[in-house]
Structures are given as structure tokens and as C-alpha cells.
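Before you take this model further, here are some comments on it, set out point by point. Please read them with the coordinates open.

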Amino acid sequence: MYEIGVIRRFSAAHRLRNYNGKCENLHGHNYKVEVAVQGNTLVNGMLIDFVVLKQKIDTIINALDHSYLNETEPFTKIEPSAENIAEYFYKALSAQMPGTVFLSSVTVWESDDNWAIYRADK
Ligand SMILES: [Zn+2]
């Protein structure tokens with residue numbers, strides 16, 4: 001099985017609504033999003049073209065970049081935590097994968113030290 005990944009980045013503000021501590025205050029992150037995909041079938045030597053994968057991620061990022069996440073769908077109703085952001089990317093991307101490509105995980109870094117990962121149930 002082959003696995004490849006790409007990393008994209010965006011900046012956004014957020015605050016956690018139901019939290020007692022610094023993260024309840026408005027603040028921002030330079031988010032890093034890593035998307036990994038798997039599959040057994042190569043087309044022209046590629047599992048999926050890196051360019052195509054980046055374009056799919058960037059379509060999602062364009063709606064979030066330099067936004068206040070708490071006022072941006074779907075985070076108007078759910079907490080804009082790294083975990084929920086990772087799940088949002090995962091579900092939005094998995095619906096767009098070609099039939100031979102399986103989305104294995106989405107990892108979202110809020111900082112160099114903190115990350116959350118969402119992956120398919122085994
Ligand atoms: Zn934060």
C-alpha cells in the first residue's frame with residue numbers, strides 16, 4: 001500500500017466557548033493541516049497528484065483563512081478546537097476522494113507543540 005501526504009497552512013482566530021482558561025479569550029493560530037491518503041493503485045505512477053490533493057484542501061482552507069472561526073460555518077455551532085477542525089477537513093475531503101484513494105488521516109497543528117488527529121475508524 002502507498003501512502004502520501006501534503007501540508008497546507010492557514011491563519012485564523014478563535015475562542016473556545018465552554019472553557020475556563022486562556023483559550024476562552026479571542027486569540028489566533030497559524031494552523032498547519034497535514035492530510036495523508038492511502039491506496040494500492042497508482043495512475044501514471046501516482047496515488048493522487050499532489051497538485052490535485054492540495055487544490056482540494058485549499059478549497060476548504062480558503063473559506064477559513066483569516067477568518068474568525070466562531071463566526072464561520074460549521075464552527076458557529078461546534079467548538080473550533082483542533083480536534084473538530086481535523087474532523088471537519090476529514091469529512092469534507094473524504095467525500096471528494098477518487099475511488100482508488102482512501103483518506104487515512106488529517107492532522108491539525110495549532111502550534112509547533114500541539115496537534116490533533118482525526119482518522120477513519122479501523
Ligand atoms: Zn486556540
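The points below go through the metal site, the helix pair, several loop residues and the backbone.

1. The model is a predicted one, and the remarks that follow should be read with that in mind. Residue numbers count from 1 along each chain as its sequence is written.

2. Which residues supply the protein donors of the zinc ion? They are His14, His27 and His29, each through its NE2 atom, lying 2.0 Å from the ion. Along the chain, the donors of the zinc ion follow the spacing H-x12-H-x1-H. If you set up this site for a calculation, please bear in mind that water is not among the atoms, so sites may look incomplete.

3. Of the zinc donors, His29 deserves a closer look, and its place is in strand E2, a strand that spans residues 27–39. His29 is in contact with Phe10, Ser11, Ala12, His14 and Glu110, once its neighbours within four places in sequence are left aside. Its partner Glu110 is 81 residues away along the chain, yet the C-alpha atoms of His29 and Glu110 are separated by 5.8 Å.

4. Is His29 buried or exposed? His29 counts as buried because its relative accessible area is 16%, under the 20% limit. His27, in contrast, has a relative accessible area of 22% and is therefore described as partly exposed. Both values lie on either side of that 20% limit, and I would quote the percentages along with the labels.

5. How do helices H1 and H2 cross? Helix H1 covers residues 50–64 and helix H2 covers residues 82–94. Their axes come within 10 Å and cross at roughly 135°, which means that H1 is oblique to H2. The crossing in which H1 passes H2 is right-handed.

6. The residues at this crossing can be listed from both sides: Lys56, Ile57, Ile60, Ile61 and Leu64 in H1 meet Tyr88, Phe89, Ala92 and Leu93 in H2. By class, this contact of H1 with H2 has 8 nonpolar residues, no polar ones and 1 charged residue.

7. Within that helix contact, Ile60 is a useful residue to follow, and it is found in helix H1. Not counting residues up to four places away in sequence, Ile60 touches Tyr88, Phe89, Ala92 and Leu93. Ile60 counts as buried because its relative accessibility is 7%. The C-alpha atoms of Ile60 and Tyr118, which are 58 residues apart along the chain, are separated by 16 Å.

8. Leu47 sits in the loop between E2 and H1, and with a relative accessibility of 7% it counts as buried. Which residues surround Leu47 in contact, leaving aside its neighbours within four places in sequence? The list includes Tyr2, Glu3 and Ile4, then Val37, Gln38 and Gly39, then Thr41 and Leu42, and finally Thr100 and Val101. The C-alpha atoms of Leu47 and Gly99 are separated by 11 Å, the two residues being 52 apart along the chain.

9. The loop between strand E3, residues 67–68, and helix H2 holds Thr72. At 13% relative accessibility Thr72 counts as buried, and apart from its neighbours within four places in sequence it is in contact with Ala63, Leu64 and Ser67. Leu64 is also among the H1 residues that meet H2. Pro74 has its place in the loop between E3 and H2 as well, and the peptide bond from Glu73 to Pro74 is cis, with omega near 0°.

10. Most residues other than glycine have a negative phi, and most peptide bonds are trans. Against that background, please check Asn44, whose phi is positive, near 55°, and His66, which has a positive phi of about 55° although it is not a glycine. Asn44 lies in the loop between E2 and H1 and counts as exposed at 74% relative accessibility. His66 lies in the loop between H1 and E3 and is exposed, with a relative accessible area of 66%. The cis bond from Glu73 to Pro74 belongs on the list of backbone features to inspect.

Notes. This is a predicted model: local features need pLDDT of at least 70, side-chain atom pairs count only at pLDDT 80 or more; totals for chains, interfaces and linings use all residues. Side-chain values use heavy atoms; hydrogens and water are left out. Donors are N, O and S atoms within 2.8 Å of the metal (3.2 Å for Na, K and Ca); water is not among the atoms, so sites may look incomplete. Buried means under 20% relative accessible area, exposed over 50%, partly exposed in between (1.4 Å probe, protein chains only). Helices (H or I, at least four residues) and strands (E, at least two) are DSSP runs, numbered from the N terminus. Contact means heavy atoms within 4.5 Å. Axes are lines fitted to C-alpha atoms, for helices over the stretch in contact, and angles run from 0 to 180 degrees between N-to-C directions. Angles under 35 degrees count as roughly parallel, over 145 as roughly antiparallel, 65 to 115 as roughly perpendicular and the rest as oblique. A crossing is left-handed if the near helix is turned anticlockwise from the far one by less than a right angle, and right-handed if clockwise. Ala, Val, Leu, Ile, Met, Phe, Trp, Tyr, Cys and Pro count as nonpolar, Asp, Glu, Lys and Arg as charged, and the others, Gly among them, as polar.
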